[in-house]
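Please open the structure in your viewer and keep the selection tool at hand. The stops below suggest what to select at each step and describe what is found there.

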Amino acid sequence: MVVGLGCPLRAGEKVEGQMANRPSPGRMITTAVMGTWPVLLHPLRGGEWGHNIVRSYVNRALFQQVNDDVICVFCVSAPSEKNYTLRSEKTSDGHDVTVATYEIRPDARWGDGEPITSADLVFSFEVMDVNRDKIFINNTKMDSIIKITQITDKKFSIIQRGVICSDRLAMPPLIPSHLEKEIWDKSHNNYFDNSLYIRQPNNPGLYNGPFLVLGIDEGLLHLKRNNFWIGRKPYFERVDVYAPRDQDGLNQIVRSKRVDNFTTLMFSMGQNIVRDFKDIYNPYYAPSDYLVHLKVNFNNIILSDVRVRKALLLGIDRDGLLDKILDGKGIVAQGLLNPFMPGYVAVSRYPYSTKKAEQWLDESGWLRGNDGLRYNAAGEPLKFELRYRRYYPWVDLAPSLAAAWRKLGITVNLVEDPDLSGDALDSRQRYTGLVGFAQNFDQDWDTVRLWYHSSMIPRQGNGWQGSNHFGIDSPDLDRALDKLATARCSRDLRQAAMADIQRAYADGLPTLPIWFGTVLTLSDKRLSDTVDAQTFSAAPIENWRLRD
């Protein structure tokens, strides 16, 4: 996914070379996000990365979480046990719940000047609760919300299931009840089609972020600065957001020299822009949280053997692949986290060694035949499929993996699958071998449990619940995940459990980690504050400035 930004300069600024063809001076910035059209503006709809970027320009949540800390945006202060605004209770049937009480800032307003109130949160949760199967929720935290209760116009409480720590506090996206509730009350089933986010997207009362939607043309959104935004005042008064449907369209916009700040997960495209426009951009490389890995079908008797999985990982030169495919701009993955992510611990490593890979394959009973290929005692070949979508990096990575494993005597069938899905209930029947994926669990350890704990294998006995669709069954990993579940809010116990989870993952290899890629931001040399000074990750749009 990609987001790009283009801004004119101040009057009278002198430019040289390619930069002389840049847009005329002003306080307007042009951006681009790649994705389907129309861009879904409703806070509860859509999960595309590009759409999420646009929504972050116009709407913000009541608070944001940074590691274990709650940072208030529209709230007065974070809930705390010290003042009894965060407390655990027992229900009448003996279950644990957590009650968090929030107070909204008196100056928090929607873009039409109407105050943000507790009624907005109650309404947002009602819509979310009724439509859980129709909306996009990017983590498991929302599922833990049981109820939201209005105390006053500016105070409310959220009840979450279980003992909830500060890093697990949940908050629905804000929806303006003064505009949307009447539509909701008329028809729950037709609400999203009749919402003002669809019928009247330029209504300022729909937004609370640094910018408002001024108008929409085909493939283009026009934004203006929100004067009621209570955060840092944006430097730019207007924003135009192009939304091309594909990479070719986006590339055309960027190369037309309308784009001044460009953030991309499509590394090859970004590197081409770096090469061709080196006089315009400063490149910033930030480590991605997305783990590029291979999912393993544990019903496959070959791949369910951890000795084979270790051989496969040892048999690929991941450092060399990073150099070849990502120009060395990435991090070889040893486990679930990269070294720049909170909670990272050192784990078992699998440096490239065909000798050790051969030893593991011999030990597991797969011996070379006269033809150089490997067979078991029954004469069956060491053979499996590697399935992937034909997009970056898999279009280059998958053939390289297959070639490396063929040198070990393994037969690999490459299968391009445009309909590949990571959450199909029949994954073990549909995908018989390895599957190429990239996932980010967003520091949500309950999501890790859903993906990897054996109790989360969907089956009739558990009502087909859970997301362990590939049948992972690792006792050590189960124990580590259970340890975290019983750690409650003890920071020491939680950190110890998270360390155990990372070690169990690296030792048991429930998936095969390849690398953490790079998020590339190219920022016009005339811009400042477009990336975080420490991490080089993209900064919020209200931070961007022209250099003095």
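**A tour by selection**

Begin by selecting helix α1, residues 49–58, which is mostly covered, with 7 of its 10 residues buried. Those to colour as buried within α1 are Gly50, His51, Ile53, Val54, Arg55, Tyr57 and Val58. Please bear in mind throughout that this is a predicted model.

**Salt bridges**

Across the whole structure, a search finds 26 salt bridges, and the next selections visit some of them.

Select Arg87 together with Glu89, whose side chains meet in a salt bridge with an N to O distance of 2.7 Å. Glu89 is partly exposed, at a relative accessible area of 32%, and Arg87 likewise counts as partly exposed, at 21% relative accessibility.

Now move to Glu358, Asp362, Arg368 and Arg374, and show their side chains together, since these residues are linked in a network of salt bridges. Within this network, look at Arg368 and Glu358, which form a salt bridge whose closest N and O atoms are 2.9 Å apart. This pair links distant parts of the chain, with Arg368 in strand β15 (residues 367–368) and Glu358 in helix α10 (residues 354–363), 10 residues apart. As for their surroundings, Arg368 counts as partly exposed at 36% relative accessibility, and Glu358 counts as partly exposed at 21%.

Keep Glu358 selected and add Arg374, because the side chains of these two also meet in a salt bridge, here at 2.0 Å from N to O. Glu358 lies in helix α10 and Arg374 in strand β16 (residues 374–375), so the pair ties together parts that are 16 residues apart in sequence. Is Arg374 buried or exposed? With a relative accessible area of 1%, Arg374 is buried, whereas its partner Glu358 is partly exposed.

**A negative patch**

Next, select Asp317, Asp319, Asp323 and Asp327, and display the surface, where these residues form a negative patch. To place one of them in the fold, zoom in on Asp327, which lies in the loop between α9 (318–326) and β14 (331–332). Asp327 is partly exposed, having a relative accessible area of 42%.

**A buried glutamine**

For the last stop, select Gln502 in helix α15, which spans residues 491–508. Gln502 counts as buried, because its relative accessibility is 2% and buried means under 20%. Which residues is Gln502 in contact with, leaving aside its neighbours within four places in sequence? Select Leu337, Gly343, Tyr344, Val345, Val347 and Trp445 to show these contacts around Gln502.

Note on methods
Residues numbered from 1 in each chain as written. Predicted model: local features only at pLDDT ≥ 70, side-chain atom pairs only at ≥ 80, totals over all residues. Heavy atoms only, no water. Patch = residues over 30% accessible without salt bridge, like charges linked within 9 Å, V, L, I, M, F, W, Y side chains within 5 Å. Areas by Shrake-Rupley, 256 points an atom, 1.4 Å probe, with all protein chains shown as cover. Salt bridge = Lys/Arg side-chain N within 4 Å of Asp/Glu carboxyl O. Lys, Arg positive; Asp, Glu negative; His and termini not counted. Charge placed at Lys NZ, Arg CZ, Asp CG, Glu CD. Helix = DSSP H or I, 4+ residues; strand = E, 2+ residues; numbered from the N terminus. Buried < 20%, exposed > 50% of the residue type's maximum accessible area, 1.4 Å probe, protein only. Contact = heavy atoms within 4.5 Å.
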